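Colleague: Could you give me a close look at one odd spot in the backbone and then follow the chain outward from there? I'd like to know what sits around it.

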Amino acid sequence: MNSNRSSLRFNYLTTSLLAVLAVAVTTIPLFIIGRNTLGEAVIALLYLVPVAWSANRWGQLPGISAALTAALAFDFLFIPPFFNFSVERLEGWLVLVIFLGVAIWVVERIQTSLTKAREAVFMYEMSAALCGQRTPEAVAYTVARQIQQLYQAMLVNVIYNPEKQIPTIVVSEPIGGTGKDRPDRDLPIVNSWGLVGEIQIWRGIYSELPPEDGRLLQNFALQTARAFERTSSSRPKTISRAR
């Protein structure tokens, strides 16, 4: 699990540095051409290009890193007095604040659009993956793996316990993962037999989870419940597996 955390931190650090580099590369021609030729408004618009590109390519944190870097470069090089981070006129403050607000808004909008698109693709992929499963264990493993990968979760547990006579199936992803005392999201799995299990999700270090009562997570629980019901209709007398 420590290796997963280190990998995530390294990935976010690398992409954030690349986003900063994208702003630096954009700054070079802007500085060469000059503020007097382009004007502050055009420079601000051009700085939105690396910000939007970074957010679209690498995600929210690199996008925010690019936005902050662009705001600092804009202030340092193109807002009087030059070559320091002070601003002597109210107009300069307004330009800088408006630019930073618009840049962060662009990052948020791009992130929201990408999240919706990714979740739509994920729903299709999960539906297709569950259709091909033939045992409750395979269903539990598929759900845990898909959710963990989508949200880069610290830990995902899928628990299936339909009857007292049937051994409980508990699948964890990643294998050997650990979470804090209580999961951040706890989704009951309910089908026509009643409550048959739950999905527990622990949030990752740099990830966010949708609301527990939101449509997406409720859809996950519903698909899982239906898949368990389908694969358990002809289940053997004993089924048990833990990952």
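**A loop residue and what surrounds it**

Modeller: Let's start at Gln152, which is partly exposed, with a relative accessible area of 35%. That value puts Gln152 in the middle class, because buried would need under 20% and exposed over 50%. Bear in mind that this is a predicted model. The odd thing about Gln152 is its backbone: phi is positive, about 50°, even though the residue is not a glycine. You'll find Gln152 in the loop between α6 and β1.

To place that loop, zoom out for a second. The chain has 7 helices and 4 strands, and along the sequence they read α-α-α-α-α-α-β-β-β-β-α. The loop of Gln152 leads from α6 into β1, so in that pattern you pass from the run of helices to the run of strands.

Now step into the strands. β1 pairs with β4 in the antiparallel sense, over 6 bridges. One of the pairs to look for is Leu155, whose bridge partner in β4 is Trp202. β4 also runs antiparallel to β3, and 7 bridges join those two. Try Arg185 there: its partner in β4 is Ile201. The turn from β3 to β4 is a hairpin through 2 residues. So β4 has pairings with both β1 and β3, given that two strands count as paired once there are at least two bridges between them.

Next, bring in α7, which covers residues 215-232. This helix has 18 residues and reaches 25 Å from its first C-alpha to its last, close to the 26 Å expected at 1.5 Å a residue. Its buried residues include Leu216, Leu217, Phe220, Phe228 and Thr231. An α-helix has 3.6 residues a turn, so residues three or four places apart point the same way. The buried residues of α7 pack against both elements that flank our loop, α6 (136-151) and β1 (155-160). They also pack against β3 (185-191), β4 (194-202) and α5 (90-131).

α5 deserves a stop too, since it has a surface story. Val97 is found in helix α5, and it counts as exposed at 55% relative accessibility. Val97 belongs to a nonpolar surface patch with Leu90, Trp93, Leu94, Ile98 and Val102. Together these residues have about 600 Å² of accessible area. A salt bridge sits at this end of the story as well: Glu91 and Arg89 meet through their side chains at 3.5 Å, N to O. Both partners are partly exposed, Glu91 at 45% and Arg89 at 33%.

Is Gln152 alone in its odd phi? Which other residue has a positive phi although it is not a glycine? Phe83 does, at about 65°, and its place is the loop between α4 and α5. That loop also holds Pro81, which is joined to Pro80 by a cis peptide bond with omega about -5°. Another cis bond runs from Glu173 to Pro174, with omega near -5°, and Pro174 lies in the loop between β2 (169-173) and β3.

So, back where we began: Gln152, partly exposed at 35%, sits in the loop from α6 to β1, and the buried face of α7 packs against both of those elements.

Conventions. Residues are numbered from 1 along each chain as its sequence is written. This is a predicted model: local features need pLDDT of at least 70, side-chain atom pairs count only at pLDDT 80 or more; totals for chains, interfaces and linings use all residues. Side-chain values use heavy atoms; hydrogens and water are left out. A salt bridge is a side-chain nitrogen of Lys or Arg within 4 Å of a carboxyl oxygen of Asp or Glu. Buried means under 20% relative accessible area, exposed over 50%, partly exposed in between (1.4 Å probe, protein chains only). The expected span of a helix is 1.5 Å times one less than its number of residues. Contact means heavy atoms within 4.5 Å. Patches are made of residues with over 30% relative accessible area and no salt bridge: like charges are joined within 9 Å, nonpolar side chains (Val, Leu, Ile, Met, Phe, Trp, Tyr) within 5 Å. Accessible areas come from the Shrake-Rupley method with a 1.4 Å probe; for residues, only the protein chains shown count as cover.
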